[in-house]
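Work through the exercises below with the sequence and the 3D structure in view. Each task is followed by its solution.

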Amino acid sequence: MSVLCTFPHAARPLLKWAGGKRQLLPAIRPYYPQSFDRYIEPFFGSGAVYFDMLATGRLDGRRAWLLDANPDLVGCYQTLRDRTDEVIEELARLERSHLAQGDAFYYEVRDLRFNPRRAAAPGAYSPDLAAMLIYLNRTGFNGLFRLNRRGAFNVPVGRYTNPTICDPAHLRQVAAALGDGRVRFEGGSFEVPLAAAGAGDFVYCDPPYAPLSTTASFANYTAAGFGPRDQERLFHLVVSAVERGASVVLSNSSAPEIVDMYDSIEARRAGLVLSLVPARRAINSRAASRGTVNEVLVTTRTALPDVRPTPAVAALRRARKSA
Ligand SMILES: C[S@@+](CC[C@H](N)C(=O)[O-])C[C@H]1O[C@@H](n2cnc3c(N)ncnc32)[C@H](O)[C@@H]1O
């Protein structure tokens, strides 16, 4: 039996990930199309939407193509998928030592094991490296994955009294959710799956957000970064995929260039509709800059037949015109 039917109730994301969409799910869910054959998620991260669709039975019997460009994230998931028992064994060991030694153990793993091992064999993930990444993600500050200029993971320990580090049942569910024969999970850049998307596909795009200001702190998920040219390339690929018949949902910040692109005549002609949703920013080291901001949701008109611009979008358009 397909795992997409076997574990619908239990699947939930494994990793905390900057920009994870758990909090935005209630805003995104109404746009899941009723009928599609294949689900494509080219910016997988923690896979909040994938796991939500899985848990709510939307993926039963359907294929999925999941992709991310962060080699550590992909290496960790693939190793968990392919060598599940070994990862669980290693993680259980890390958990025992963490409970006994606390913060000092976090820094030992980060500086004396994880970073040297990553540096010695870039991109090659083994069960102990995958277990270390999960351990650091569960016990590090806000679950951030941040590398310094030399490429070393440098996130400080978080303040958790009793973190769940190793939950074997959950790890097995995630491994199975990524290892099902209908699921293609791989590393790479968004261009390939988007260029292949067309009729019968539902694509959810959650790229690194365009920064709202030049001083905004935002996550650099990969060494290549994600700049204005990437946002433009993504936009054109999304428009083409929609023109070929794909259903698309895309989230991004409400940075002016994003609103201008996705509220343009070209976008509207292709059948894209932009709406604004309030969202709480969770991962930010400065408590003062947490709070509610508007984010953008772009959807194909077919996903919601009766869409009219919300007052917020209309106001934003007027503001953009008079600027
Ligand atoms: C906003 S996060 C996605 C969060 C995800 N939706 C979740 O719920 O956790 C953006 C993701 O895009 C990935 N990424 C960055 N550049 C990429 C590229 N060129 N192609 C594919 N993925 C990329 C990052 O590694 C990161 O995981």
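**Exercise 1.** Leaving aside neighbours within four places in sequence, which residues is valine 203 in contact with?

*Solution.* Two residues are in contact if their C-beta atoms, placed from the backbone, lie within 7 Å. By that rule, valine 203 contacts Ile40, Leu194, Ala197, Ala241, Ala246 and Val248, its neighbours within four places being left out.

The model is predicted: local features need pLDDT of at least 70, side-chain atom pairs count only at pLDDT 80 or more, and totals for chains, interfaces and linings use all residues. Numbering starts from 1 along each chain as its sequence is written.

**Exercise 2.** Place Val203 in the largest nonpolar core, and find where this core lies.

*Solution.* Step 1: a residue is buried if 20 or more other C-beta atoms, placed from the backbone, lie within 10 Å of its own. A nonpolar core joins buried Ala, Val, Leu, Ile, Met, Phe, Trp, Tyr and Cys residues through C-beta atoms within 7 Å.
Step 2: the largest such core has 81 residues, and Val203 is among those that touch the most other members, as are Ala130 and Met132. Helix α7 gives the most to this core, with eight residues.
Step 3: domain 1 (3-69 + 188-322) and domain 2 (75-169) both give residues to the core, so it lies between them. The domain bounds come from an automatic or database assignment.

**Exercise 3.** Is α7 largely enclosed or largely open, and why?

*Solution.* Step 1: helices are DSSP runs (H or I, at least four residues), numbered from the N terminus; α7 covers residues 127-139.
Step 2: eleven of its 13 residues are buried, so α7 is largely enclosed by the rest of the structure.
Step 3: the cover over these buried residues includes α4 (71-82), α5 (84-101) and α6 (103-120).

Technical notes
Helices (H or I, at least four residues) and strands (E, at least two) are DSSP runs, numbered from the N terminus. The expected span of a helix is 1.5 Å times one less than its number of residues. A residue is buried if 20 or more other C-beta atoms lie within 10 Å of its own, exposed if 12 or fewer, and partly exposed in between; C-beta atoms are placed from the backbone.
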